[in-house]
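Biologist: I have a model open in front of me and would like to understand the words people use for it. Could you take me through the reasoning behind them?

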Amino acid sequence: LKERGVEIFILTSWSPPAWMKRNLSLDHKEQAIEWHLTDNILEPYYYEEFAESMEAIVRALKERSGVDLYAIGLQNEPAFNEPYPSAILSPAQFKELIKVVGKRFADNGIQTKLYMPEQVTGIGFYSLDQYLDAIQADPVANQYVEIFACHGYGSDGITAGFPSFTEWNALWANAQ
């Protein structure tokens, strides 16, 4: 891809390693979606280990392919369990994880940016605004997040489906 002119590369984590999760699985075993009611979570006492794994991914990509990763998302669609490898991160937990990973990247000279929440709009227990509000309310976490990312698919999985124009504008305003 780099040889064909692609200049910006991003990556998203779909699930922490199984051994870092309460359920010891990449997938989920139950349908609960709230962070405190599910076992499909990254255990908070592994946040430092997870941060180390994110740094290792950034470094390995550079060493093995020559690609400088522009940005990384720490959890794909964190507000609900997926039918594929996933994990739930509540807004409060995402904020704490951002602080740990952001500090590690800063301390070790990693220039890769962090983006979040990469949640589907209008789906899940937590809203996009809740993720934004949690980050913005914490000056330490907020300094590490430069990019707001979300998904909004139509029923075909290709076209934009939601939110409405008004909701997009409200998200844009909050992200600013």
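Modeller: Gladly! Let's start with a yardstick: the expected span of a helix is 1.5 Å times one less than its number of residues. Please keep in mind throughout that this is a predicted model.

Biologist: How do you know that the reach of helix 1 is close to the expected one?

Modeller: Helix 1 covers residues 47-65, which is 19 residues. From its first C-alpha to its last it reaches 27 Å, and the expected value is 27 Å as well. Just after helix 1 comes G66, with a positive phi of about 80 degrees.

Biologist: Which residues of helix 1 are buried, and what covers them?

Modeller: The buried ones are Y47, F50, A51, S53, M54, E55 and V58. Their cover includes strand 2 (71-73) and helix 2. As a general point, an α-helix has 3.6 residues a turn, so residues three or four places apart point the same way.

Biologist: What makes A60 buried, partly exposed or exposed?

Modeller: A60 is found in helix 1. Its relative accessibility is 23%. Buried means under 20% and exposed means over 50%, with partly exposed in between, so A60 counts as partly exposed. A60 is also 18 residues from P78 in sequence, and their C-alpha atoms are 25 Å apart in space.

Biologist: Now for the packing. Why are helix 1 and helix 2 called oblique to each other?

Modeller: Their axes come within 9 Å and cross at roughly 50 degrees. An angle under 35 degrees would count as roughly parallel, and 65 to 115 as roughly perpendicular. The angle of roughly 50 degrees fits neither, and helix 1 and helix 2 are therefore oblique to each other. Their crossing is right-handed.

Biologist: Which residues meet there?

Modeller: Helix 1 brings Y47, E48, F50, A51, E52, M54, E55 and V58. Helix 2 answers with Q93, E96, L97, V100, V101, R104 and F105. By class, this contact of helix 1 with helix 2 has 9 nonpolar, 1 polar and 5 charged residues.

Biologist: And what makes helix 2 oblique to helix 3?

Modeller: The axes of helix 2 (residues 91-107) and helix 3 (residues 128-136) cross at roughly 45 degrees and come within 8 Å. With the limit for roughly parallel at under 35 degrees and roughly perpendicular running from 65 to 115, that makes helix 2 oblique to helix 3. The crossing of helix 2 and helix 3 is right-handed. On the helix 2 side the contact is made by P91, A92, F94, K95 and I98, and on the helix 3 side by Q130, Y131, A134 and I135. These residues divide into 7 nonpolar, 1 polar and 1 charged.

Biologist: How do you know whether helix 3 and helix 5 are roughly parallel or oblique?

Modeller: Helix 3 and helix 5 (residues 165-175) pack at about 10 degrees, with their axes 10 Å apart. Under 35 degrees counts as roughly parallel, and helix 3 and helix 5 are therefore roughly parallel to each other. L128, D129, L132, D133 and Q136 of helix 3 meet L171, N174 and A175 of helix 5. This contact of helix 3 with helix 5 has 4 nonpolar, 2 polar and 2 charged residues.

Biologist: Let's turn to the backbone. What makes L24 and E118 worth a look?

Modeller: Most residues other than glycine have a negative phi, and most peptide bonds are trans. L24 has a positive phi near 55 degrees, and E118 has a positive phi of about 50 degrees. L24 lies in the loop between strand 1 (10-12) and helix 1, whereas E118 is in strand 3. At 61% relative accessibility, L24 counts as exposed, since exposed means over 50%. E118, at 12%, is buried. P117 also lies in strand 3 (residues 113-120), and the peptide bond from M116 to P117 is cis, with omega near -5 degrees.

Biologist: Last one: why is Q119 called buried?

Modeller: The relative accessibility of Q119 is 0%, and under 20% is the cut-off, so Q119 counts as buried. Q119 is in strand 3. Beyond its neighbours within four places in sequence, Q119 is in contact with E77, P78, A79, F80, L128, A149, C150 and H151. The C-alpha atoms of Q119 and N76 are separated by 6.7 Å, although these residues are 43 apart along the chain.

Key:
Residues are numbered from 1 along each chain as its sequence is written. This is a predicted model: local features need pLDDT of at least 70, side-chain atom pairs count only at pLDDT 80 or more; totals for chains, interfaces and linings use all residues. Side-chain values use heavy atoms; hydrogens and water are left out. Axes are lines fitted to C-alpha atoms, for helices over the stretch in contact, and angles run from 0 to 180 degrees between N-to-C directions. Helices (H or I, at least four residues) and strands (E, at least two) are DSSP runs, numbered from the N terminus. Angles under 35 degrees count as roughly parallel, over 145 as roughly antiparallel, 65 to 115 as roughly perpendicular and the rest as oblique. A crossing is left-handed if the near helix is turned anticlockwise from the far one by less than a right angle, and right-handed if clockwise. Contact means heavy atoms within 4.5 Å. Ala, Val, Leu, Ile, Met, Phe, Trp, Tyr, Cys and Pro count as nonpolar, Asp, Glu, Lys and Arg as charged, and the others, Gly among them, as polar. Buried means under 20% relative accessible area, exposed over 50%, partly exposed in between (1.4 Å probe, protein chains only).
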